[in-house]
Amino acid sequence: MTESAAPLRVMEETPAYWRIIFDYPPFNVADGTMFQALQDLLARINVDPSLRVVVFESANHDFYLSHFDLTGKLGNVMTAVGPSGLPVLADTFVRMTRSPVVSIAKIRGCVRGACSEFVLACDMRFASRENTRLGQPEVGVGLHPGGGGTERLPHLVGRGRALEIVLGANDFDGDTAERYGYVNRALPDAELDGFVDVLARRIASFDRRPIAAAKNLINQVSLPSADRLLDAFNSFTTALTWPETQQRIRALLKLGLQRDGDFEKRWPALLGALLEM
């Protein structure tokens, strides 16, 4: 069964295995509409007793989820509090990580900033070797990660590589992301769908209770605390008001961010000379 709930679609492969397809043209930007759709999806996922695993993928192979909306179309993402007690931006990611249902990100295309933080909140990440651009470019925009990137990355890649990813503010291809531990594996694009589908169906064949118990035990020794996530979010909110940050955001929007497809694909590489353009 397929259901439409823009900006994502739910495809129920089996009662235990769903595919969630981001389909929010032109670039799958993470704005208020996207976050509301994710909140609604999480509410549905967590009450379905048959569901074991969800796979998140994109209908647009150039943009998995591109980045946080910088034009102000955020709804209540920064102000409202979600069921976890955290602001909606952080709450969405925390609830997904804490869910008894396993989440897998199947990545093709660009995934940056808050959208990188989305895939970091998924339980597993598998990327196209030829078609992945993954990064945390916030520092180059005058900000810093605020949705868990600085808290989750060091556990996955180590301190030095986390600093390289965050302070370098550039893209990482699939092979490098795999080598660093940013993703579980990078696979040839032609093999990605089959590999993830086999893994998801295998997990879906197991009983829900041991899956949830095992995930909970791993969570207890591997996840950042809510206090640390809230501190990062509050600091990010403050950084959004800095004059130098606003200057950089205006420059990016003027150059074509969220309007021009070619610029959307390559903009982190230009951040070092942004104010000279």
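Analyst: A helix is here a DSSP run of at least four residues in state H or I, and helices are numbered from the N terminus. By that rule Lys-254 is placed in helix α10, which covers residues 243-255. The model is a predicted one.

User: Why is Lys-254 called exposed?

Analyst: A residue counts as exposed when its relative accessible area is over 50%. The value for Lys-254 is 73%, and therefore Lys-254 is classed as exposed. As for its place relative to another part of the chain, the C-alpha atoms of Lys-254 and Gly-158 are 36 Å apart, with their positions 96 residues apart along the chain.

User: What makes the contact between Asp-91 and Arg-95 a salt bridge?

Analyst: The test asks for a side-chain nitrogen of Lys or Arg within 4 Å of a carboxyl oxygen of Asp or Glu. Between Asp-91 and Arg-95 the N to O distance is 3.4 Å, so the pair meets the test. Both residues belong to helix α2 (residues 88-98), where they are four residues apart, about one turn of the helix.

User: Why are Asp-91 and Arg-95 called buried?

Analyst: Buried means under 20% relative accessible area. Asp-91 has 0% and is therefore buried, and Arg-95, with 13%, is also under the limit and so counts as buried.

User: How do you know that Asp-171 and Arg-112 form a salt bridge, and where in the chain do the two residues lie?

Analyst: Their closest N and O atoms are 2.7 Å apart, which is within 4 Å, so the pair qualifies. This pair links distant parts of the chain, for Asp-171 is in the loop between α5 (159-168) and α6 (174-180), while Arg-112 is in strand β6, and the two are 59 residues apart. Asp-171 has a relative accessible area of 23%, which lies between 20% and 50%, so Asp-171 is partly exposed. Arg-112 has 0% and therefore counts as buried.

User: What makes Asp-175 and Arg-129 a salt bridge, and why is each called partly exposed?

Analyst: The closest N and O atoms of Asp-175 and Arg-129 are 2.9 Å apart, within the 4 Å limit, so they form a salt bridge. Here too distant parts of the chain are linked, since Asp-175 is in helix α6 and Arg-129 in strand β7, 46 residues apart. The relative accessible area is 32% for Asp-175 and 34% for Arg-129. Partly exposed covers the range between 20% and 50%, so both residues have that label.

User: How many salt bridges does the structure hold, and which residues are linked in a network?

Analyst: There are 16 salt bridges in the structure. The network of salt bridges links Glu-13, Arg-19, Glu-57, Lys-106, Arg-108, Asp-189, Asp-193, Asp-197 and Arg-201.

User: Why can Val-139 belong to a nonpolar surface patch?

Analyst: A patch takes residues with over 30% relative accessible area and no salt bridge, and Val is among the nonpolar side chains that are joined within 5 Å. Val-139 has 31%, so it passes the area limit, and the same value makes it partly exposed. Val-139, Leu-163 and Leu-167 together make a patch of about 230 Å². The place of Val-139 is the loop between β7 (124-135) and α4 (149-157).

User: What makes a space a cavity rather than a pocket, and how many cavities of 30 Å³ or more are found?

Analyst: In a cavity a 1.4 Å probe fits but cannot get out, whereas a pocket is open. The search of the whole structure finds three cavities of 30 Å³ or more. The largest has a volume of about 170 Å³, and among its 16 lining residues Phe-68, Gly-113, Ala-114, Glu-138 and Leu-143 lie nearest its centre. The second largest cavity, of about 40 Å³, has a lining of six nonpolar, two polar and no charged residues.

User: Which element gives the most to the lining of the largest pocket?

Analyst: Helix α8 gives the most, with six residues. The largest pocket has a volume of about 390 Å³, and its lining has eleven nonpolar, four polar and four charged residues.

Technical notes
Residues are numbered from 1 along each chain as its sequence is written. This is a predicted model: local features need pLDDT of at least 70, side-chain atom pairs count only at pLDDT 80 or more; totals for chains, interfaces and linings use all residues. Side-chain values use heavy atoms; hydrogens and water are left out. Patches are made of residues with over 30% relative accessible area and no salt bridge: like charges are joined within 9 Å, nonpolar side chains (Val, Leu, Ile, Met, Phe, Trp, Tyr) within 5 Å. Accessible areas come from the Shrake-Rupley method with a 1.4 Å probe; for residues, only the protein chains shown count as cover. Buried means under 20% relative accessible area, exposed over 50%, partly exposed in between (1.4 Å probe, protein chains only). On a 1 Å grid over the protein atoms alone, a cavity is a set of points where a 1.4 Å probe fits but cannot get out, and a pocket is an open set with protein on both sides within 12 Å along at least five of seven lines; lining residues have an atom within 4 Å of a point. Grid points are joined across faces, edges and corners, and a volume is the space filled by probe spheres set on the points. Ala, Val, Leu, Ile, Met, Phe, Trp, Tyr, Cys and Pro count as nonpolar, Asp, Glu, Lys and Arg as charged, and the others, Gly among them, as polar.
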